[in-house]
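Me: I have a model open and would like to talk it through before setting anything up. Could you walk me through it?

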There are 2 protein chains.
Amino acid sequence: MVASIRDVAQRAGVSVGTVSNVLNDSPRVSADATARVRAAIAELGYVRNEAARQLRAGRSSSVGLVVLDVRNPFFTDVARGAEDEAAKLGLSVILGNSDEDVRRESAYLDLFEEQRVHGILISPYGDIEPRLAELRRRGTPVVLVDRESRDSGVSSVSVDDTAGGRLAVAHLLSTGRRRIAFAGGPLGVRQISDRLVGARQAIDEVAGASLEVIETAGLTVLEGRRVGEELVARAERPDAVFAANDLVAVGLLQALVMSGALRVPEDVALIGFDDIDFASATVVPLTSIRQPRHEIGATALRILREEAAEPELPPRRIVFQPELVVRASTRR
Amino acid sequence: MVASIRDVAQRAGVSVGTVSNVLNDSPRVSADATARVRAAIAELGYVRNEAARQLRAGRSSSVGLVVLDVRNPFFTDVARGAEDEAAKLGLSVILGNSDEDVRRESAYLDLFEEQRVHGILISPYGDIEPRLAELRRRGTPVVLVDRESRDSGVSSVSVDDTAGGRLAVAHLLSTGRRRIAFAGGPLGVRQISDRLVGARQAIDEVAGASLEVIETAGLTVLEGRRVGEELVARAERPDAVFAANDLVAVGLLQALVMSGALRVPEDVALIGFDDIDFASATVVPLTSIRQPRHEIGATALRILREEAAEPELPPRRIVFQPELVVRASTRR
DNA sequence: CCCGGGAGATGAATCGATTCAACTCCTCAC
DNA sequence: GTGAGGAGTTGAATCGATTCATCTCCCGGG
C-alpha cells in the first residue's frame, strides 16, 4: 500500500542502492539519475521509513527529553534550547512529561530505551541515577539536566542551586529583612533542597536572621497560592519569602495581593527562582534568580552528542552560575 | 554489544520464536520455557528493539500529538486525556509543540509520517487540511483536535466555538454591559475567529450593543497584558472584555489591576475561554467558558483507534458543547 | 589498438522481531 | 497397537533502508 524504496527504484529505472544514495545526498550519483529518482518519489508520494533506517543504523535520530513539568516555562525554554541545537545536527527531540511522578518517569525511560534513542536528557525526579548509569553502560548516553550528578557515572548540565539560594536570601537580608521564609518542595528533589541549603548558608552569616521552611507538594502556582493564603491568615508573618521557583512566587503574589491587607514589597518582600519571561510581567514585577535556560538545553544536547561519539569519555559536569535580577517585589 | 532476541534464545536454550512468544505473552509457552527465557532476559539486560518491531508491524505504537502551545494548560490537559486513553491501549503519545509556527508544524508532520506513527492528533495552525487528507489517504489516520474539520476527509473532535462565543457575550450582555471588546488573535486561526463569530451573533440580538475587535498576535499572557495596558491608557473604554482564551484574560486582569485605576468587574467585566484550572485562582476569579479538555483528548484518541482499525470509515465530527462558568470577574 | 582507472550503478547481505507452516512428542480412545 | 489430535517448539521468510564489494562503461594515454 505505501511505497517503499524498491517501488521508487523500479519506477525510476534504477537500483535501490542508487535511490538510497539520492536520499542521503551521496555525491556519487549522476544528475540524470537524481532527477529520475526525485520524480519517482514525488509521483509515488514516497516517505522514508524511519524504523527501517533505524534498525540498520542501530540508533534512532531522536533524542528523548524528560522534564518534571511541561507547564513550567523554565522547562519549555530548556526544551527549546535542546531542540534548536538538535535541529542543527539533524536530530529531533521527543518530549516526555514526568509530571513529578516516578511511574511516568520510569515509563518514559523504558520507552526511550526501546526506541534506541540517540540519547536521553533528563531532569530527574526520583532517585534514578543508578538506573541512568545502567542505561549508559548499555550504550545510551544520558545527560542530567538541571541537577548536578553525584557519584554516578553520568554527565550533567546544571546551575549551582546552592549559590542561587544563597544569592536570593543574601539579597533579602541586604534589604533589611530578617524573618525569611522558604516556600517550596518536595524537599526530596535535590534541585529544591540545594536552594534551601544555600538559603541557610546566607542566614547563618547574619546575626538575628531566621529561616522558616514551608514545604509544598510541588512547584506550582496553586501551591504558591495555598502558602500565600496561609500567610495572610497568620498573626506572625515573615517579612520576606524566598519561593523555590517563579510559579510558586506568582501564586504567593496573587494570594497576598488578593487579600488586600498585605502589600508587596512593603509588608512582605518576595523573590522567585528561574526568571521565567513571565516574572517581569506580574502585578508586581518579580525579583528572581536567573538561570540560562536556553543555554542549559543547548549545552546538554552538545554534551550528549560528544558522549554518543565517544562513549569512553569520562562523565562531565557543567555548572552554570545563577544571577540575581532585581525588580519591584524586593525593593525597599 | 547490545543483546538481541537471538542472544536471549541461545542463552535460554530455546528458539527465537519461543522468546518472541514469551515477550508477547502468548499462552502457548510452557512454564519451564517461560522461566528460562525470563532469566536469560534479566541476565543479559535485554531490551526489545522497537524499531525492528515496528518495521515488521508496519506501524509504530506511538501516536503523534501536535499542539499550538505546550505552555497553555488547555493543551497539556488535552494531552493528558490522550495519554491516559493511549496507555489503556498500550500506545504512547509523542508530543510536538508547533508554537504557532507553520514550519515547526510541518516539520512535526514530516517526522511523524517517517516514524509511521499509529496516527496523528493535531490542533492545526496553518491551513493544512489538504496535507492532512493526503496523510490519511496514504494510510496515517488523522484527527483534528480543537477545530472542526470543514470539507476535507478528516475526522475532528472539537468544541462548538461559535456557541461558546455566543454564550460568553450573551452573558456579558445579560449583566447589563453594552460596549463589548473582543481580544484575541490571530484571527486567521479558525478556533479564534469562530469565537468572534459567536460573539457577533449575540451582539446582533441586542439593540444598542456594540463589539470592538482588538486583534492580538497570539493567545498568551503577555499579549493580554499588552491589550490591558492599551485599555488603561484610553479615554473611551469598553465596559466588558471577552478574551479569546484564559491566558489572554489573565494578562488583561493583571494589567487592569496593576493600574489601580480600574476595578474588575465594576469598571470592566472580564470573561475568558477554556476554564483552565488556573482560572479560579486569579486575583479576581475568572468567569470562563468551559471545554471538556481531558475528554477532548481521550475522545480524539479513541476515534483515531477506530480509524486505524477501519480506514474505510467515513470521517467523523464530534462537537462538544461548551458551558458557562460564572465567577467574580463578571458579577454585577 | 590495448589497457588502466575513474565515475556510476548494482544488488546481495544485514539489522532484529514477528509470524506461521511444519514438526515432534504425548496422551488417549478404540 | 494404531491413529487422531492437542500442546509446545522450531526456524525460515519477511519488513525496508543502508552498505559495500563488485561490475560496467567510457575516456585518454601510450
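**Talking through the model**

Me: Let's start with Asp275(A): buried or exposed?
Reply: Asp275(A) counts as buried, because it has 24 C-beta neighbours inside 10 Å. Please keep in mind throughout that this is a predicted model. Asp275(A) is placed in the loop between β9 and β10 (288–290) of chain A, and its phi is near 55°, a positive value in a residue other than glycine.

Me: And Asp99(A), what is its phi and where does it lie?
Reply: The phi of Asp99(A) is also a positive value in a non-glycine residue, near 55°, and Asp99(A) sits in the loop between β2 (92–97) and α6 (102–114) of chain A. With 18 C-beta neighbours inside 10 Å, Asp99(A) counts as partly exposed.

Me: Switching to peptide bonds, what is the one from Gly185(A) to Pro186(A), cis or trans?
Reply: That bond is cis, with omega near -5°, and Pro186(A) belongs to the loop between β6 and α9 (190–204) of chain A. In chain B, a cis peptide bond joins Val264(B) and Pro265(B), where omega is about 10°, and Pro265(B) is found in the loop between α11 and β9 (269–271) of that chain.

Me: OK, the sheet with β6 in it, what is the strand order?
Reply: The order is β7-β6-β8-β9 in chain A, four strands that form an open sheet with parallel pairing. The edges are taken by β7 (210–215) and β9 (269–271) of chain A, each of which has a single partner strand, so one side of each is left without a neighbour in the sheet. Neighbouring strands of this sheet are turned by 20° against each other on average, direction ignored.

Me: How many bridges join β6 to β7 there?
Reply: Six bridges join β6 (residues 179–184) of chain A to β7(A), and the two run parallel; Arg179(A), for instance, stands opposite Ser210(A) in β7(A).

Me: Now the two chains, how is B laid on A?
Reply: A turn of 180° with a shift of 0.0 Å along the axis lays chain B on chain A with an RMSD of 0.1 Å. The two copies are thus related as by a two-fold rotation axis.

Me: And how many residues are in contact between them?
Reply: There are 36 residues of chain B in contact with 36 residues of chain A. On the chain B side, α4(B) gives the largest share, five residues, and by class that side divides into 18 nonpolar, 10 polar and eight charged residues. The copies meet through the same surface, because 100% of the interface residues of chain B are also interface residues in chain A.

Me: Which residues come nearest to DNA strand C?
Reply: Of the 25 residues around DNA strand C, the nearest are Ser15(A), Gly17(A), Ala33(A), Ile5(B) and Ala52(B). The surface near that strand has 10 nonpolar, nine polar and six charged residues.

Me: What about strand D?
Reply: DNA strand D is surrounded by 24 residues, of which Ile5(A), Ala52(A), Ser15(B), Gly17(B) and Ala33(B) are the closest. Two or more residues of the surface near DNA strand D come from each of α2 and α4 of chain A and α2 and α4 of chain B.

Me: Last one, what does Leu252(B) touch?
Reply: Not counting residues up to four places away in sequence, the contacts of Leu252(B) include Ala183(B), Val227(B) and Leu270(B). Leu252(B) lies in helix α11 of chain B and counts as buried, with 29 C-beta neighbours inside 10 Å.

Key
Residues are numbered from 1 along each chain as its sequence is written. Chains are lettered from A and ligands numbered from 1 in the order in which they are written. This is a predicted model: local features need pLDDT of at least 70, side-chain atom pairs count only at pLDDT 80 or more; totals for chains, interfaces and linings use all residues. Two strands pair if DSSP finds at least two bridges between them. Axes are lines fitted to C-alpha atoms, for helices over the stretch in contact, and angles run from 0 to 180 degrees between N-to-C directions. A residue is near a molecule or strand if its C-beta atom, placed from the backbone, lies within 6 Å of it. Ala, Val, Leu, Ile, Met, Phe, Trp, Tyr, Cys and Pro count as nonpolar, Asp, Glu, Lys and Arg as charged, and the others, Gly among them, as polar. Copies are superposed by least squares on the C-alpha atoms of residues with pLDDT of at least 70 in both. Two residues are in contact if their C-beta atoms, placed from the backbone, lie within 7 Å. A residue is buried if 20 or more other C-beta atoms lie within 10 Å of its own, exposed if 12 or fewer, and partly exposed in between; C-beta atoms are placed from the backbone.
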